[in-house]
Amino acid sequence: MRTSTADPRARRRPGARGRGEGPIYRQIADLFEDQIRRGVLAPGERLPSVRALATERSVSIATVLQAYLQLGRRGLVEARTRSGYYARSPFTERAPRRAAGSARLQPQEIALADVIDRMLAADPAGAGGSFGATVLGGDLVPTGLLNRLLREAARRHPEHLSTYELPAAAGGLARQIARRSAAFGCRLEPERITITCGGMEALNLALRAVASRGDVVAVESPTYYGVLQAMEALGLRALEVPTHPSEGPDLATLEALFRRRAVAAALVMTNGHNPLGFVLPEAAKRALAGLAARHEIPIIEDDVYGDLPLRGPRPGVAKSFDEGGHVILCSSFSKALSPGLRLGWVEAGRHAREVRRLKALTTIATANLPCLAVAELVASGRYERHLRRTRLALGDRVERVADAVARHFPEGTRLTRPAGGCVLWVQLPRRRNGVEVYREAARSGIHVFPGAAFSPSGAFPDCVRLSCGGAWTERSERCVRALGRIVQRAG
Ligand SMILES: Cc1ncc(COP(=O)(O)O)c(C=O)c1O
């Protein structure tokens, strides 16, 4: 059994006082996570004793304990009474298996409206103890600051009420988005950005710009139910592309579909996929943009979770590799800032004019006041500060829920380890039924979303999605324990 830091390279890695990013306990946790994932520390091996590591790293015992607690929440170590901390097999080895149904590659009529309507009606959007809707807990929304910015904007621009689109509003926000776009590898031009009523309007406009009733659109399997709902309403059919829980959509399949011109467009989530949580590597984003350019088939890139990586810097987007304007980038301030502002945006490349036209004939313009307030928030640098705090908190919340699932759900449960966003995708053991779990849980006031809502072919009957944006409380622990019992009983 090893009792000191296993990898000599570790001594030069973050974790030593004052180097690397984020709090020291997190750096130490990251270091051991890296070793466990690379197999340098094998499952069952002992980590250095708390005291030895504290001395070796010149940090306090409390810091090491916090690092080990963090690793426990990530499901990577377990504490054994009076014996120390031991490595466990990482969550990736317990990742959900791909569903056989997702490999059918047939266009599907979508008939999920009823399931989804009932699911949404049952969930009081982010109420305490809810693992349903993907919203930040109220404590992470900078309510005081946003209200102040809204009041200031109203005072400075009283004319915001007497016109549809105030140039200083939508235009000002588009300029700030364009400025920020360097952070995700783009050089967007403000004139080409359309501000929308949330990401949902951006996605609707993009779909309508590139596909007509009866067309087939490639989607990941599983994918965000809201997109399926929008496609159903537009009379579009879905073709589910097999999607690996951590590596993303199968690009060879997508290429084959593009080559056969079997789809009018593809819709992908490159960062913080909902529900799988992966962040696609840069090479895959480049490949996606290349596919769109080579085959001249548009790719709609949904990046609403892009500002919420759970580890590392803000990831780039496929749009940054788009040279011919074939990638339509859709995003939103709902997930990282506030869903109630209803602010999203779309940069539609060569479809920009059509998107503008469709926006004009659906909602005409976006409310001026939220645009003014958020433009000021971004311009002043306070948005980036808010993001730093939110990412840390969210990372912690996701880990707490994952840890509780690992402790309370029956043997054989599989779950993702998200790299971005705020949801966990849980595959229940022995083909337990996710809809039954969701119904039974709702009767006890606990909200999860069933896997059935994320695939038109019904490829994930044994999965549920847990949203982790809410503050972790004793009630959350009780709810996950109760969920575990419900899963145990579900047939
Ligand atoms: C992947 C994804 N795209 C888009 C949206 C919609 O975003 P908005 O609330 O800004 O309309 C959501 C909301 O849950 C989402 O999860």
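**Exercise 1. Asn368**

In which helix does Asn368 lie? Work in the predicted model, then state whether Asn368 is buried or exposed and which residues it is in contact with.

Solution.
- Step 1: Asn368 belongs to helix α12, which covers residues 368-379.
- Step 2: The relative accessible area of Asn368 is 4%. Buried means under 20%, so Asn368 is buried.
- Step 3: With neighbours within four places in sequence left aside, the contacts of Asn368 are His160, Thr163, Tyr164, Glu165, Leu166 and Ala169.

**Exercise 2. Surroundings of the ligand**

Determine how many residues surround the ligand, which polar atoms of Met200, Asn274 and Asp302 lie by ligand atoms, and where the ligand sits.

Solution.
- Step 1: The ligand is surrounded by 15 residues, and the closest are Gly199, Asp302, Ser332, Ser334 and Lys335.
- Step 2: Helix α7 (residues 198-210) supplies the largest share of this shell, four residues.
- Step 3: Take the oxygen atoms of the ligand. One is 2.9 Å from a backbone N or O atom of Met200. An oxygen atom of the ligand also lies 2.8 Å from a side-chain N or O atom of Asn274.
- Step 4: Take a nitrogen atom of the ligand. A polar atom in the side chain of Asp302 is 2.6 Å from it.
- Step 5: The ligand taken alone exposes 400 Å², of which the protein buries 94%.
- Step 6: The pocket that holds the ligand is the second largest.

**Exercise 3. Thr134**

Locate Thr134, classify it as buried or exposed, and list its contacts, including the side-chain polar ones.

Solution.
- Step 1: Thr134 is in the loop that runs between α4 (113-122) and α5 (143-156).
- Step 2: Thr134 has 8% relative accessibility and therefore counts as buried.
- Step 3: The side chain of Thr134 makes a polar contact of 3.0 Å with the side chain of Tyr305, and another of 3.0 Å with the side chain of Lys335.
- Step 4: Beyond four places in sequence, Thr134 is in contact with Asn274, Tyr305, Lys335, Cys422, Val423, Arg465 and Ser467.
- Step 5: Compare with Exercise 2. Lys335 is among the closest residues to the ligand, and the side chain of Asn274 has an N or O atom 2.8 Å from a ligand oxygen.

**Exercise 4. Lys319**

Is Lys319 buried or exposed, and which backbone oxygen lies 2.7 Å from its side chain?

Solution.
- Step 1: Lys319 is placed in the loop between β8 (299-302) and β9 (327-332).
- Step 2: Its relative accessibility is 7%, so Lys319 counts as buried.
- Step 3: A polar atom of the Lys319 side chain is 2.7 Å from the backbone oxygen of Val327.
- Step 4: Val327 also appears in the contact list of Lys319, which excludes residues up to four places away and otherwise holds Cys186, Leu188, Glu301, Leu329, Glu347 and Gly349.
- Step 5: Lys319 and Leu207 are 112 residues apart in sequence; their C-alpha atoms are 17 Å apart.

**Exercise 5. Helix α9**

Identify the buried residues of α9, the elements they pack against, and the features at the start of the helix and just after it.

Solution.
- Step 1: In α9 (residues 251-259), Thr253, Leu254, Glu255, Leu257 and Phe258 are buried.
- Step 2: An α-helix has 3.6 residues a turn, so residues three or four places apart point the same way.
- Step 3: These buried residues pack against β4 (216-221), β5 (237-244), β7 (265-268), α10 (282-295) and β8.
- Step 4: At the start of α9, the backbone nitrogen of Ala252 is within 3.0 Å of a side-chain oxygen of Asp250.
- Step 5: Just after α9, Arg261 has a positive phi of about 50 degrees.

**Exercise 6. Backbone exceptions**

Find where the cis peptide bonds before Pro222 and Pro275 lie, and describe phi and exposure at Arg430 and Arg431.

Solution.
- Step 1: Most residues other than glycine have a negative phi, and most peptide bonds are trans.
- Step 2: The bond from Ser221 to Pro222 is cis, with omega near 10 degrees; Pro222 is in the loop between β4 and α8 (225-233).
- Step 3: Asn274 and Pro275 are also joined by a cis bond, with omega about 20 degrees. Pro275 is in the loop between β7 and α10.
- Step 4: Arg430 has a positive phi of about 45 degrees, and Arg431 one of about 50 degrees. The loop between β12 (423-427) and α14 (434-443) holds Arg430 and Arg431.
- Step 5: Arg430 is exposed at 59% relative accessibility, and Arg431 is exposed at 58%.

Notes: Residues are numbered from 1 along each chain as its sequence is written. This is a predicted model: local features need pLDDT of at least 70, side-chain atom pairs count only at pLDDT 80 or more; totals for chains, interfaces and linings use all residues. Side-chain values use heavy atoms; hydrogens and water are left out. Helices (H or I, at least four residues) and strands (E, at least two) are DSSP runs, numbered from the N terminus. Buried means under 20% relative accessible area, exposed over 50%, partly exposed in between (1.4 Å probe, protein chains only). Contact means heavy atoms within 4.5 Å. A polar contact is a pair of N or O atoms within 3.5 Å; within protein, one must be able to donate a hydrogen and the other to accept it, and residues adjacent in sequence count only if both atoms are side-chain atoms. A residue is near a molecule or strand if one of its heavy atoms lies within 4 Å of it. Accessible areas come from the Shrake-Rupley method with a 1.4 Å probe; for residues, only the protein chains shown count as cover. On a 1 Å grid over the protein atoms alone, a cavity is a set of points where a 1.4 Å probe fits but cannot get out, and a pocket is an open set with protein on both sides within 12 Å along at least five of seven lines; lining residues have an atom within 4 Å of a point. A molecule sits in a cavity or pocket if more than half of its atoms lie within 2 Å of its grid points.
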